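Hi everyone, thanks for making time for this today. I'd like to walk you through a structure, going from the whole chain down to a few single residues.

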Amino acid sequence: MSSTGPDRPPAFVLFTDLPKAGAYLAAIAGRGLHSLVVTGPPRWPLEQVAVSCVGRAGHPFEAVERLEFLTPDDTAGILTRVSTWAGAYDIKGVFASSETFVEPAALATDLLGLPGVGLRAARVCRNKHLQRLYLGEFSPVSVLSTAPRDTILDTLDGHYPVICKPLDLYCSIGVRVLRDRAALEAHLDSGQRTPTLLEQCVSGREFSVETIVTGGRPVFSEVTQKATNEKEGEFFVEMTHTLPAANVTPDEARRLKEAQETVLARLEFGTGMAHGEYRLLPDGGVALMEIAARPPGDGILHLYHLATGASVEDSVVGAALGEPVLHPRAVRRTRQIYFDHEPGTLGDVTVEAGEECAGADPYWVVEHGLWPTLEPVAADAPARLGKVLVLKARGAGLEPLTDSFGRAVTALFDAPGPEELERFDSAVREAVRVSVERRAEEPA
């Protein structure tokens, strides 16, 4: 359905979260293509600031040719818009960097006959229960909350603690642990109407595997090490990403990548990027937590840029256009950490800059409308603090961390080797100060 002709300028359709679209827009513009952007209606201050920057001279969002606000479940509206664009532009590629737009983007690529992740991969990756049905080889014991009560209790008997997961949410929203049968029964009696997946809690080191795929063939894959706040309570908020993973042997990394390849083959994953989350079990096995048919979130793509010296966004745009992808391997060690906070109101964020952290003034994302681009350095350059990002506005309310959206401050840094990275981690945690004003009604 994609048309050619001198009267149709070449274009690329990007389904995205606008505050993180800068590098994608640069990759599209760098190929002489017009950017046609689909995103959700702005709800948060950061998104509203981002929209206000569209078309602004000198801003990365100046590159947006067309911007359409559509809800992800408006399949008819999305495909109608894409079809209309296809009449006016020669659409060369389509890509979704946003979790909620994975399925409509897959339908758009199918409609236009362009490379995409594929309809099976898109559908299964958007539903955690389907993942368990399709990928049983790597899945823990699980059951839907809509099953008969006795079936749920019998299925999970002997498999406590249990994890409760909403079927199609993301960023750890609604994910919590139920420690025993009494907690599970209380959950079942709570009257919760949204179907959830109830599954055995898998213990073991957690990782993600990021894979760029072209025409069903993985062309780049790397393992990211994770740390969550699960030991402090009943939630699973990711607090640290380390790339490449520092706590795996070469054999363990190979097994994680092989598991990812098997998963992608089962899903008939076509062209795009996959982000799989796994745990290494004490017996050496690999368990799948979940798989997404889009790039990773948080600042992981920034870590890849710092580690490999090349933009992943550029590589995945190239893949969507049918270009050969030769993304380089990691040559530096990188890490992103999120800072915990007390409940209250966000005051100020400062960096007590000693020599190691000099020049790293906090970057208030909401004031700019987008995450900044971080420039890589030479492989043997000293450890350095790339950026401290403040993800909320001054005066924003801060609550205990129950999902990823509650996090307020993060730092990204890199080093030439694992030992230097660990030493620098301590320096960064010591340098960054988050000021929280206690609410009047809260006890001292």
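I'll begin with the overall picture, then go to the core, and finish with some aromatic rings and a threonine.

Before anything else, please keep in mind that this is a predicted model. The chain holds 13 helices and 20 strands. How compact is the chain for its 444 residues? Its radius of gyration is 22 Å, close to the 22 Å from the globule rule, so the chain is as compact as a globular protein of that length. Measure along the principal axes and the C-alpha trace spans about 65 × 55 × 50 Å.

Now, what share of the residues counts as buried? The figure is 50% of the 444 residues. On the outside, the chain exposes about 18,700 Å², and carbon and sulfur atoms supply 50% of that area. If we take the contacts with a separation of 6 or more, 70% of them are between residues 24 or more positions apart.

Let's go inside. Here is a rule of thumb for your notes: in soluble globular proteins, nonpolar side chains tend to be buried together. In our model, the largest nonpolar core has 44 residues, and Phe 12, Leu 14 and Phe 61 are the ones touching the most other members. Several elements supply at least two residues each, including strand S1 (10-15), helix H1 (22-29) and strand S11 (238-243). Helix H10 gives the largest share, with 6 residues. There is also a second, separate core of 29 residues, and among its members are Ala 122, Leu 135, Phe 207 and Val 213.

Let's stay with Phe 12 for a moment. Apart from its neighbours within four places in sequence, its contacts include Ile 28, Leu 36, Phe 95 and Val 317. Gly 93 is on that contact list too, and Phe 12 stands opposite Gly 93 in S4. The strands themselves, S1 and S4, pair in the parallel sense over 6 bridges. Why do we call S4 largely enclosed by the rest of the structure? Because 6 of its 7 residues, in the stretch 90-96, are buried.

Next, the aromatic rings. A pair of rings is described by the distance of the centres and the angle of the planes. The count here comes to 4 aromatic pairs, and I've picked two to show you.

One of them is Phe 15 with Phe 101, a tilted pair at 5.8 Å centre to centre with 40° between the planes. Phe 15 sits in strand S1 and Phe 101 in the loop between S4 and helix H4 (102-112), so the pair ties together parts 86 residues apart in sequence. Phe 15 is buried, with a relative accessible area of 0%, and Phe 101 is buried as well, at 2%.

Another is Phe 220 with Tyr 304, which is edge-to-face: 6.0 Å centre to centre and 70° between the planes. Phe 220 belongs to strand S10 (residues 217-228) and Tyr 304 to helix H10, so this pair ties together parts that are 84 residues apart in sequence. Phe 220 is buried at 3% relative accessible area, and Tyr 304 is buried at 1%.

Last stop: Thr 196, in strand S8 (residues 196-200). Is Thr 196 buried or exposed? It is buried, with a relative accessible area of 1%. Beyond its neighbours within four places in sequence, Thr 196 is in contact with residues including Val 143, Cys 164, Pro 166 and His 187.

That's my tour, thank you for listening!

Technical notes: Residues are numbered from 1 along each chain as its sequence is written. This is a predicted model: local features need pLDDT of at least 70, side-chain atom pairs count only at pLDDT 80 or more; totals for chains, interfaces and linings use all residues. Side-chain values use heavy atoms; hydrogens and water are left out. Helices (H or I, at least four residues) and strands (E, at least two) are DSSP runs, numbered from the N terminus. Buried means under 20% relative accessible area, exposed over 50%, partly exposed in between (1.4 Å probe, protein chains only). Contact means heavy atoms within 4.5 Å. A nonpolar core is a set of buried Ala, Val, Leu, Ile, Met, Phe, Trp, Tyr and Cys residues joined through side-chain atoms within 4.5 Å. Two strands pair if DSSP finds at least two bridges between them. The radius of gyration is taken over C-alpha atoms; the globule rule is 2.2 Å times the number of residues to the power 0.38. Accessible areas come from the Shrake-Rupley method with a 1.4 Å probe; for residues, only the protein chains shown count as cover. Rings of Phe, Tyr and Trp (its six-membered ring) pair if their centres lie within 6.5 Å; planes under 30 degrees apart count as stacked, over 60 as edge-to-face and the rest as tilted.
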